[in-house]
Protein chains: 4
Amino acid sequence: MAVRVTVWHEYRHEKRNPKVAGIYPQGIHEAIASHLRKFPDLEVRTATQDEPEHGLTDEVINNTDVMTWWGHMAHSDVKDLIVEKLHHRILQGMGLVVLHSGHFSKIFQRLMGTSCNLKWREEENEREILWVTRPGHPIVQGVNDHFILPREEMYGEFFDIPEPECTFLISSFGGGEVFRSGCTWTRGLGRIVYFRPGHEMFPTYHDPNVLKVIENAVRWAAPIQAPAPQDFGKHLLGWMDQK
Amino acid sequence: MAVRVTVWHEYRHEKRNPKVAGIYPQGIHEAIASHLRKFPDLEVRTATQDEPEHGLTDEVINNTDVMTWWGHMAHSDVKDLIVEKLHHRILQGMGLVVLHSGHFSKIFQRLMGTSCNLKWREEENEREILWVTRPGHPIVQGVNDHFILPREEMYGEFFDIPEPECTFLISSFGGGEVFRSGCTWTRGLGRIVYFRPGHEMFPTYHDPNVLKVIENAVRWAAPIQAPAPQDFGKHLLGWMDQK
Amino acid sequence: MAVRVTVWHEYRHEKRNPKVAGIYPQGIHEAIASHLRKFPDLEVRTATQDEPEHGLTDEVINNTDVMTWWGHMAHSDVKDLIVEKLHHRILQGMGLVVLHSGHFSKIFQRLMGTSCNLKWREEENEREILWVTRPGHPIVQGVNDHFILPREEMYGEFFDIPEPECTFLISSFGGGEVFRSGCTWTRGLGRIVYFRPGHEMFPTYHDPNVLKVIENAVRWAAPIQAPAPQDFGKHLLGWMDQK
Amino acid sequence: MAVRVTVWHEYRHEKRNPKVAGIYPQGIHEAIASHLRKFPDLEVRTATQDEPEHGLTDEVINNTDVMTWWGHMAHSDVKDLIVEKLHHRILQGMGLVVLHSGHFSKIFQRLMGTSCNLKWREEENEREILWVTRPGHPIVQGVNDHFILPREEMYGEFFDIPEPECTFLISSFGGGEVFRSGCTWTRGLGRIVYFRPGHEMFPTYHDPNVLKVIENAVRWAAPIQAPAPQDFGKHLLGWMDQK
């Protein structure tokens, strides 16, 4: 049974900044989705913020196994009701792969319980090296012991997240900063991945290693079986009462 | 320098139910606070939900190192603005010790990012045995390998919490259920403890082992130094720009 | 590509105790292996302690993706050289599923770095209830929120293990004890599972839930690709020298 | 009650290499010990590898609360019997602070269960920046958000350790590598710290930030009470039998 993936994207930079549009003519979401569509075990659709309900109708949410999330300039415009629905669905088992500036999205902050703050520096064509710190993990399958992005935006520690269950990538930057760039957590039945790279001004989502990590993360975060969108949140009776 | 402790309590059951009032004539908060006041390294005050601002003025919040939290019937009446202030202060370093039905408090759900749901059974004078699963941890100092509460309310797994950084107590109940009754997490600079026992219909907060664990938890959750209530949440420049 | 599974068993109780032989006429290893052989994605062989080299020649070790391990009365007879080879192979990526009294095996102690000690009580036909504490984890796929073994041997906390990366099952026993019965860790590239039930005097390995958890654990612990049995342990040059 | 600290050192480089002797005329152990001796809550002694029993008689081991460990060229000369005694004592509660090349010591490998391997580069007067990744942790009390060592030896990921319970420092190096330089684990009742810097050819143990972290780590790793050197490892009866 295919994993049903929804690639969600804010999709505003591309419409306003010709440089970004030059790098991602169809938007960042299409750069990601077109890679994922190569694999028959993944069933891919996209949704963007300025569609009705941000493209996230109940029908879409209830039929998504894993969602990827890129947002940056318009986090606060995402409706709280949609965030509530996403949160509920993740606790039921939907996977979430948060990309780059998505660290400040409402849904990621909601899942982490922290500020998700970090250090950053204005884009400077800076070299990022990503080092694998958990070889053997499914998310780094097919990736060497490190890979290099010649131009990226710097994110630096302290990254205010709960201690990850697994840290699979750590970056260094030209300025000497470090960052936990690949991390996983579990919330309810849902698996969460954070993956750092992806500033809109650079062709990061055309990089084969970046696309490979996203592809692996989507498979890893998929629920063990698509859970029915029923209410996990209600009080249950004790087991003796169920007999 | 003493640890400044605020024992927060919903304080409604005692006013409505004579049986509860019989067990806790001054309220659950006073049962806890009167134990903590025995120790010169702890500086203890109390605050209750029906005081103005729930007893949690800015002055109180900014001068609290560790807060203990008991709530049950009125979680939804706690004002969102107060929860925001508490959350901000915890990320700056204030410790939080969540007790029993506080698992469903707004502040605990906010910190965990999960539903914090669990199984439960109406009070049945049920035996609870709490087993130490991390001997040597400061929170179980002075506690034997297990202790018994002859009458408590059952809480059973699945307890919907993020994987704890440390699980120091696991309970079994008369009905055969189990529960992770002592857990710790870090959020921002703040240390969080959840400690299960404490149903209002039983004299749990008169039990010496229960009081000892709360006392230890308060000391463990204290910040390494009372952080100034300044803004931890703003963007910082990279280290190179600071030179 | 099938997962190559080696079901390893001490296989001494069955030869000496007619009661055990009555429950497991072909040995515990065959009870487990015959279940796993039902699945075309698993390629199953067995090995036992009293075969030459404990059945674990270099050829077997190098061509095993996941090993299950049951031992009890003869841990100290397992040759240190074989343990060294297993340890090396696990760090390269081989999965290990340790069963019941295997908690005191040399290989498990070597991987954990602790005594792996626990409380226990002579077999007493005692009821064990196993509660799922991480629903949604691949290892509990197809298992209800709990399952019951009517007769088992008691293991109680404190179980001297490193804090698990994930605790997916916790047991309670008739005597009121609790035990972390399903736990995972990572060592090098290898994934390790401990799964508690399985006293030789009871028909535990005929229980469908127990077999299901073992089957799931084997799939979960499989390496992301069978790593070549080459030396992972040597010093590497820094990445700059590799250019 | 003071924390009884034993600063253990291999103490061979200083005797053979005049450059090392120039930096540490009394040995690395004295550079560390002389800092710790400033604090009345710490009771400090030293022990070195070429003393009888490596300076680690039963009397010393049984009366040490926290040990720091530096070794490099002579790991294999440390007697297995001494390592066994240290391991047993740590599981009973003694803290261990492993420094720099101590990552390849027998005792650290024994506690971790992994190879503890890493990438490294011959000493090159390389800049190391250590970034705090868990502000608020007692081990980084008094340390800024980062500190710089102008000349150190490079250690790079993958560092083959179990996922740390807490990663409090991550380094970057001039060559672009990263390393988890401050990590903690629990083994039995004992708390373990790994702290990376300290190549013998550089004056690292004269750096105030490095000394502060070691001082903090010693206090953090101290047992909650000096446990009696009795046998923690024996089988215990179940609690019902103890009644």
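Leaving aside its neighbours within four places in sequence, which residues is Arg180(C) in contact with? In this predicted model, the contacts of Arg180(C) are with Thr133(B), Ile170(B), Glu157(C), Phe158(C), Phe159(C), Ile161(C), Pro164(C), Thr167(C), Leu169(C), Ile170(C) and Tyr194(C).

**View 1. Surroundings of Arg180(C) in strand E8 (residues 178-187) of chain C.** Arg180(C) counts as buried because its relative accessibility is 2%, under the 20% limit for that class. Its side chain makes a polar contact with the side chain of Glu157(C) at 2.8 Å, and a polar atom of the side chain of Arg180(C) lies 3.0 Å from the backbone oxygen of Phe159(C). Both Glu157(C) and Phe159(C) belong to the list of contacts given above, which also includes Thr133(B) and Ile170(B) from chain B.

**View 2. The interface of chain A and chain D, to which each chain gives 25 residues.** Between them the two chains bury about 2,000 Å², with 58% of this area on carbon and sulfur atoms. Trp131(A), Arg134(A) and Glu163(A) supply 28% of the area that chain A buries against chain D, more than any other three residues. Four salt bridges are found across this interface, and a salt bridge joins Glu163(A) to Arg134(D), with the closest N and O atoms 3.3 Å apart. Counting pairs in which both residues are at pLDDT 80 or more, twelve residue pairs are in polar contact between chain A and chain D. On the side of chain A that touches chain D, strand E5 (119-132), strand E7 (166-173) and strand E8 (178-187) of chain A each supply at least two residues, and by class this side has ten nonpolar, six polar and nine charged residues.

**View 3. Helix H7 (residues 208-221) of chain C.** The 14 residues of this helix reach 20 Å from the first C-alpha to the last, close to the 20 Å expected at 1.5 Å a residue. At the start of H7(C), a side-chain oxygen of Asp207(C) reaches to within 2.9 Å of the backbone nitrogen of Asn209(C). The buried residues of H7(C) are Val210(C), Leu211(C), Val213(C), Ile214(C), Glu215(C), Asn216(C), Ala217(C), Val218(C) and Ala221(C).

**View 4. Glu215 in helix H7 of chain D and of chain B.** In chain D, Glu215(D) counts as buried at 2% relative accessibility, and its side chain makes a polar contact with the side chain of Arg219(D) at 2.8 Å. Leaving aside neighbours within four places in sequence, Glu215(D) is in contact with His35(D), Leu36(D) and Phe39(D). In chain B, Arg219(B) forms a salt bridge with Glu215(B), the closest N and O atoms being 2.8 Å apart, and these two residues are four residues apart in the helix, about one turn. Glu215(B) is buried, with a relative accessible area of 2%, whereas Arg219(B) counts as partly exposed at 30% relative accessibility.

**View 5. Salt bridges that link distant parts of a chain, in chain A and in chain D.** The side chains of Asp50(A) and Lys15(A) meet at 3.9 Å, N to O; Asp50(A) lies in the loop between strand E2 (42-48) and helix H4 (58-62), and Lys15(A) in helix H1 (residues 13-16), 35 residues apart. Arg12(A) and Asp77(A) are linked with Lys15(A) and Asp50(A) in a network of salt bridges. In chain D, Asp80(D) of helix H5 (residues 80-91) and Lys106(D) of helix H6 (residues 106-112) are 26 residues apart, and their side chains meet in a salt bridge at 2.9 Å, N to O. Asp80(D) is exposed, with a relative accessible area of 51%, while Lys106(D) is partly exposed, at 26%.

Key. Residues numbered from 1 in each chain as written. Chains lettered and ligands numbered in written order. Predicted model: local features only at pLDDT ≥ 70, side-chain atom pairs only at ≥ 80, totals over all residues. Heavy atoms only, no water. Contact = heavy atoms within 4.5 Å. Buried area = accessible area lost by both parts, 1.4 Å probe. Polar contact = N/O pair within 3.5 Å; in protein donor to acceptor, adjacent residues only side chain to side chain. Nonpolar A, V, L, I, M, F, W, Y, C, P; charged D, E, K, R; others polar. Expected span 1.5 Å × (residues − 1). Buried < 20%, exposed > 50% of the residue type's maximum accessible area, 1.4 Å probe, protein only.
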